[in-house]
Structures are given as structure tokens and as C-alpha cells.
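Hi,

Here is the structure I promised to pass on. Have a look at it first, and my notes on the cross-links and charged pairs follow below.

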Amino acid sequence: MKCSHIVTLVSFMFGTVILGTSENDKQSPKDLTSEPGHMKPFGSGRPSRQIDAVDGFPDQRAFLRDYAFGSKPLKMTGAAKLSPAFNLWTDDYFLSLDLPEESIVHLETIKKESRQQDTEDMKFQDFIKIYNKTEYYMVDAVPEYLGGDLLFPCAVQCTQLMEESVVTAMMWFSSGGTKSVVHADAVDNINCLYRGNKTFVMVDTNKYRDKVDLDHPEGLYSSMDVDRVDFTKFPGLAEVEFFHVNMTAGDCLYIPYRWIHQVQSFGSNLAVNIWWDHYSARDTDLDTCGTSCDSSITLTNVKLHGMDSTMSNIGSIKDHLINTVAIRGLDLDGFKKVFAEDMIETIPNEESKAKIASVYNELMDEFFRTLDVDSDGEINTQDLLTVPEQAWWDAQTYIAEVQQLLGAGEGEDEDLVTDPEDFHDEL
């Protein structure tokens with residue numbers, strides 16, 4: 001989030017002085033059950049806006065300056081047709097590949113997304129043979145053996161960005177009929193569709209961060225039923241405006257950093273997301289960007305830095321916490337859950353899990369006290385907007401410590417660092 005956005009948020013939330021309300025001025029609570037979008041699909045019953053659209057990819061400088069840096073979505077009609085994958089990626093092509101034995105992909109098992117659902121791993125070609133007759137939905141990084149087929153999106157073919165900021169490329173592959181949860185991504189995102197149709201419903205987080213309740217901040221998603229949104233549970237949705245986008249095979253869509261969205265797919269469906277780090281990319285020297293597309297640059301030519309890189313800078317940490325507390329504050333238990341508590345629960349070795357949980361709790365206790373400015377046992381927006389700047393540098397260190405801790409959990413027990421002071425020493 002830009003500093004100007006934070007200042008705007010402060011002014012909006014704390015700059016109004018209520019001088020008093022007479023009996024005649026008091027209004028009865030609004031009956032949200034009578035609102036047009038109540039118990040309707042997400043995106044219903046409220047004003048709808050259109051996004052900008054261009055044919056193909058815009059040049060890199062214009063795209064970054066006008067859209068990525070400006071947090072403005074863009075539909076790029078037909079842009080994915082420039083990629084060899086658009087014509088190559090048939091099921092017969094996938095089955096014809098001579099793949100390594102370990103060509104395993106990660107699958108969701110139900111098409112209406114639940115973050116609690118069972119998942120499975122399967123050989124890629126075995127998935128190809130059965131996905132049309134099952135609920136299986138591939139959600140995984142693009143396999144290395146397919147990277148050479150994918151043109152890296154021309155709009156972000158800036159040398160510096162490609163070297164420093166690209167996080168990962170995700171593949172979404174199903175027989176259609178999928179529905180995502182309402183969520184946000186802590187990255188900038190270009191989604192290119194190679195088969196089928198998709199619809200996106202988006203909300204501008206910069207404008208409505210305190211209206212859309214992502215009540216699972218640990219995963220940046222909401223528990224609302226996307227088919228029947230209950231305004232009595234999610235009242236802010238009665239006040240937002242939506243952006244509706246329809247995509248057909250060959251289109252690409254830019255989804256700005258942390259914009260809230262929900263996605264549905266129709267027909268045999270294959271899409272790839274390119275994710276890049278918002279704050280790292282903002283440092284891109286536009287002189288490293290061109291005005292034309294280099295068709296020889298594929299995904300295999302680009303360094304992928306992984307999701308951990310997105311939480312290594314102060315801007316991302318600030319945004320994550322400010323968005324999390326926009327609707328409700330966090331007590332210590334909630335604060336621990338926002339970061340890695342659920343990940344720790346997945347550690348199979350009970351002894352390792354206990355050691356890591358103990359260190360994690362100590363680290364989070366320290367981190368929480370750093371940000372709880374008024375020491376009232378809850379972190380809220382006012383705390384985060386008045387915390388000393390040094391606290392954010394400390395926060396960066398705590399995040400690095402947590403990442404190191406989780407990395408230690410993947411090793412043997414004797415390699416675990418179990419004293420928080422040892423982490424400080426090592427960093």
C-alpha cells in the first residue's frame with residue numbers, strides 16, 4: 001500500500017468528529033435482508049463497473065505506469081494467443097510427452113472451493129486421463145517440462161522485473177464448473193486463459209478494504225457462501241461496487257495486488273497465473289522495459305523467487321496487517337493464526353511440532369507486544385498507524401525468524417533451533 005493510501009485510510013476512519021445526534025436524526029438499523037444482493041451469488045445486487053480492455057498486450061512501460069503501479073485492472077483480449085501453449089496444449093499433446101517418473105501434480109478434489117477439502121497428488125498424465133470424468137482440479141505450479149511452451153506475458157517483459165520480482169506461475173486445470181472462494185492475493189497477477197471461459201467478480205480493496213470481510217486472514221479468504229451471500233453475516237457487501245469480467249480462451253486479465261476477487265470456470269478449462277512481488281516490482285527501472293514483445297522469452301527464461309519472498313519487505317508486512325485489522329482487531333491468539341500457526345499443525349512429527357510451536361509462540365508474543373502500542377491486548381488499525389517506524393523493521397526480522405523456523409521443521413529434530421535468542425543471533 002502506498003503511504004498516500006494509508007493517510008487516506010487514517011483520514012477516513014479517524015478524521016470525522018461526531019458532534020452529537022438528535023432523536024430526530026437517529027435512523028433505524030437497515031434491514032439487510034431486503035437488499036437486492038442478499039442470499040444471491042457474490043457480485044449480485046450492487047452497482048457494477050467495467051474495466052479497461054485492450055487488444056493484445058500493452059507495452060511494458062505503459063502497463064506498469066498506468067495499471068500495475070496505479071492498482072487498476074486490465075483485460076487484454078486475445079493476448080494469450082501469442083503463446084505457443086495456446087495451440088499446443090491439447091490433452092493429446094500432454095499425453096504424448098515423455099515425462100519423468102516424478103511428474104506429480106497437486107489436485108483439489110471438489111470444484112466448489114473449500115480450503116478444508118481433501119487434496120491429492122497424482123502423476124500429471126494420469127490426471128489428464130481422468131479429469132473430464134471427475135471433480136479433480138489441478139492447482140499447482142506450472143511443471144518445468146511445460147515452461148518452454150509459455151510465452152512470458154509481454155506486458156511484464158522488463159529485464160529488472162523478470163530477474164528480481166517474479167514469484168511463481170500457477171496452473172489451473174479442470175473440466176470446468178469450478179468456483180473459488182472470495183479471496184485476495186498478496187501479489188500482482190496476470191491470469192491467461194488457454195481453454196474455456198471464466199468470470200471474475202472483483203472489488204477494489206483500496207476503496208472497500210473495511211467492507212469485504214476476509215474472515216480467514218491467515219489465507220486471505222472469506223468463509224461466505226459464494227452462491228448465497230448472507231448480508232446479515234457480511235453487511236459490508238451491501239455497500240460495495242463490483243467489477244465483472246468475462247474471459248474467453250485467449251484472453252489475459254491483470255488483477256491488481258490484493259484486489260478481492262472470486263472466479264468461476266466453464267467448459268474444459270486451463271489457465272496460468274503469473275504472480276510477481278508488488279513492492280519489488282515498484283522499484284523497476286522503466287528504462288529496462290521495452291515497447292515490443294520478445295516471443296523468445298518463455299517461463300523457463302525467468303527466475304522464480306517463491307512465495308516467501310513476498311513477505312520479506314516492510315511494505316508487504318504492513319499491508320497484510322492493516323488489511324487484516326480493517327474490520328476487526330486481533331488478540332494474541334488471532335495474531336498467531338494470521339501467520340503460521342496452521343502450517344505448524346501440519347508438521348507430522350509430534351516432537352518437532354511441539355518444539356517449533358513453543359518457539360513460534362515466544363516469537364509471536366514478542367512480535368505482538370511490539371505492535372500493540374496501547375498495550376490493551378488487541379492490535380487494531382490505530383495501533384498499526386501509530387507504531388514507531390522501528391517496529392516495522394523489527395517485524396521484518398520476526399517474519400524472517402518464522403520462515404527460518406518453518407524451514408527448520410522440514411529437517412531432522414537435532415537440527416531444530418529451539419531458542420528465540422538463537423534466531424536473533426543467527427540473523
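A word on terms before the details: buried means under 20% relative accessible area, exposed means over 50%, and partly exposed is in between (1.4 Å probe, protein chains only). You're looking at a predicted model, in which local features need pLDDT of at least 70, side-chain atom pairs count only at pLDDT 80 or more, and totals for chains, interfaces and linings use all residues. Residues are numbered from 1 along each chain as its sequence is written, and side-chain values use heavy atoms, with hydrogens and water left out.

Disulfides first. Taking a disulfide as a pair of cysteine sulfur atoms within 2.5 Å, the count is 3. If you number the bonded cysteines in sequence order, they pair up as 1-6, 2-5, 3-4.

Cysteine 158 and cysteine 289 are one pair, with sulfurs 2.0 Å apart. They sit 131 residues apart, cysteine 158 in the loop between β6 and α6 and cysteine 289 in the loop between α8 and α9. Both cysteine 158 and cysteine 289 are buried. The S-S torsion here is about 110°, so this disulfide is right-handed.

Cysteine 154 bonds to cysteine 293 (S to S 1.9 Å), and 139 residues separate the two. With a torsion of about -50°, this disulfide is left-handed. Cysteine 154 is buried at 3% relative accessibility, whereas cysteine 293 is partly exposed at 36%.

In the third pair, cysteine 192 and cysteine 252 have their sulfur atoms 2.1 Å apart. Cysteine 192 is in strand β8 (residues 188–203) and cysteine 252 in strand β10 (residues 252–255), so the link ties together parts 60 residues apart in sequence. (Helices, H or I of at least four residues, and strands, E of at least two, are DSSP runs numbered from the N terminus.)

Now the charged pairs. A salt bridge means a side-chain nitrogen of Lys or Arg within 4 Å of a carboxyl oxygen of Asp or Glu, and there are 18 of them. Among them, arginine 49 meets glutamate 241 at 3.2 Å, N to O. Arginine 49 lies in strand β1 and glutamate 241 in the loop between α7 and β9, so this bridge ties together parts 192 residues apart in sequence. Arginine 49 is partly exposed at 40%, while glutamate 241 is buried at 13%.

Another one joins arginine 115 and glutamate 113, with 2.6 Å between the closest N and O atoms. Lys112, Lys179, Asp225 and Asp227 form one network through salt bridges that share partners.

Cheers
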